[in-house]
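Trainee: I have a structure here that I have not looked at before. Can you walk me through it?

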Amino acid sequence: MTETHEHLTQKQHDELQAELAELEGPRRTEVVQAIKTAREFGDLSENFEYHAAKNEQGLLEARIAKLRERLHAATVVEHDTDDHVGPGSIVEVADEHGDTMEVTISSIGGVSTDSPLGSALMGASVGAVVDVDAPRGAWKARVLSIRRA
């Protein structure tokens, strides 16, 4: 596995920790019980429930491994200012045509700091115009506002 370095706020780190605890505890117990129950149905070679439960177990264990890797490689940062963009910032930007969008700088359900937009915005202040080198073509984004989540 390739280790990537993520910057997470304490809240984001805690959310990943909570998900990991849920998966390693109650979810894992449910999947093990489903496998045990499916085994009781007999012939495993034609037992759909058994194969589905084993597949779910594989997906669960892969997610657990991914979360452990992310948490191990993560650095918790406290971005406690609205003066410039950082992890956890909610940023309103406008493109060259005046179309606006609001994005959250977050590796969890938002725009990652490693993405073209996220990396362009990191450190920018209100009024700044940044160059976004996106796969579909470069564009400029003006920072209209910054606030913390």
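**Strand pairs and the rest**

Mentor: Start with one pair of residues: Val-91 has Ile-146 in E6 as its bridge partner. Keep in mind that this is a predicted model.

Trainee: How many bridges are there between E3 and E6, and in which sense do they pair?

Mentor: Six bridges link E3 and E6, and the pairing is antiparallel. Further pairs can be picked out along them: Glu-92 stands opposite Ser-145 in E6, and Val-93 has Val-143 in E6 as its bridge partner.

Trainee: And what stands opposite Val-93 in E4?

Mentor: That is Met-101. E3 and E4 are joined by five bridges and run antiparallel. The two strands form a hairpin with five residues between them, where Gly-98 takes a positive phi near 90 degrees.

Trainee: What order do the strands take in the sheet?

Mentor: The order is E4-E3-E6-E5, in an open sheet of four strands with antiparallel pairing. E4, residues 100-104, and E5 are at the edges with a single partner strand each, so one side of each has no neighbour in the sheet. From one strand to the next, the twist averages 40 degrees.

Trainee: Is E3 mostly buried or exposed?

Mentor: Buried. That holds for five of the six residues of E3, so the strand is largely enclosed by the rest of the structure.

Trainee: Back to the edge, then. How many residues are between E5 and E6 in their hairpin?

Mentor: Two residues lie between E5 and E6 in that hairpin. The strands pair in the antiparallel sense over six bridges. Asp-131 stands opposite Lys-140 in E6, and Val-132 stands opposite Trp-139 in E6.

Trainee: What else does Val-132 touch?

Mentor: Leaving out residues up to four places away in sequence, Val-132 touches Pro-116, Leu-117, Ala-120, Gly-137, Ala-138, Trp-139 and Ala-141.

Trainee: Which residues of the largest nonpolar core touch the most other members?

Mentor: Val-132 is one of them, along with Val-91, Val-103, Leu-117, Leu-121 and Val-130, in a core of 16 residues. At least two core residues come from each of strand E3 (89-94), helix H3 (116-121), strand E5 (129-134) and strand E6 (137-148). E6 gives the most, with four residues.

Trainee: What about a second core, how many residues does that have?

Mentor: The second core has 14 residues and is separate; Leu-16, Leu-20, Val-31 and Ala-53 are among them.

Trainee: Changing topic. What is the volume of the largest pocket?

Mentor: The volume of the largest pocket is about 250 Å³. Of its 15 lining residues, the closest to the centre are Thr-9, Lys-11, Gln-12, Gly-88 and Ala-149.

Trainee: Which helix gives the most to the lining?

Mentor: Helix H1, residues 10-39, gives the most, with four residues.

Trainee: I also have Met-122 marked. Where is its place?

Mentor: Met-122 is in the loop between H3 and E5. Its relative accessible area is 32%, so Met-122 counts as partly exposed, since that class lies between the 20% limit for buried and the 50% limit for exposed.

Trainee: What is Met-122 in contact with, leaving aside neighbours within four places in sequence?

Mentor: Its contacts are Val-85, Gly-86, Pro-87, Ile-105 and Thr-113. As for His-97, which is 25 residues from Met-122 along the chain, the C-alpha atoms of the two are separated by 22 Å.

Trainee: Last one. Where is Glu-102, and what does it touch?

Mentor: Glu-102 is in strand E4. Not counting residues up to four places away in sequence, Glu-102 touches Ile-90, Val-91, Glu-92 and Arg-147. Glu-102 and Lys-54 are 48 residues apart along the chain, and their C-alpha atoms are separated by 40 Å.

How values were computed
Residues numbered from 1 in each chain as written. Predicted model: local features only at pLDDT ≥ 70, side-chain atom pairs only at ≥ 80, totals over all residues. Heavy atoms only, no water. Core = buried A, V, L, I, M, F, W, Y, C linked by side-chain atoms within 4.5 Å. Buried < 20%, exposed > 50% of the residue type's maximum accessible area, 1.4 Å probe, protein only. Contact = heavy atoms within 4.5 Å. Pairing = 2+ DSSP bridges. Axes fitted to C-alpha atoms, helices over the stretch in contact; angles between N-to-C directions. 1 Å grid on protein atoms, 1.4 Å probe; cavity = no way out; pocket = protein on both sides within 12 Å on 5 of 7 lines; lining within 4 Å. Points joined across faces, edges and corners; volume = space filled by probe spheres on them.
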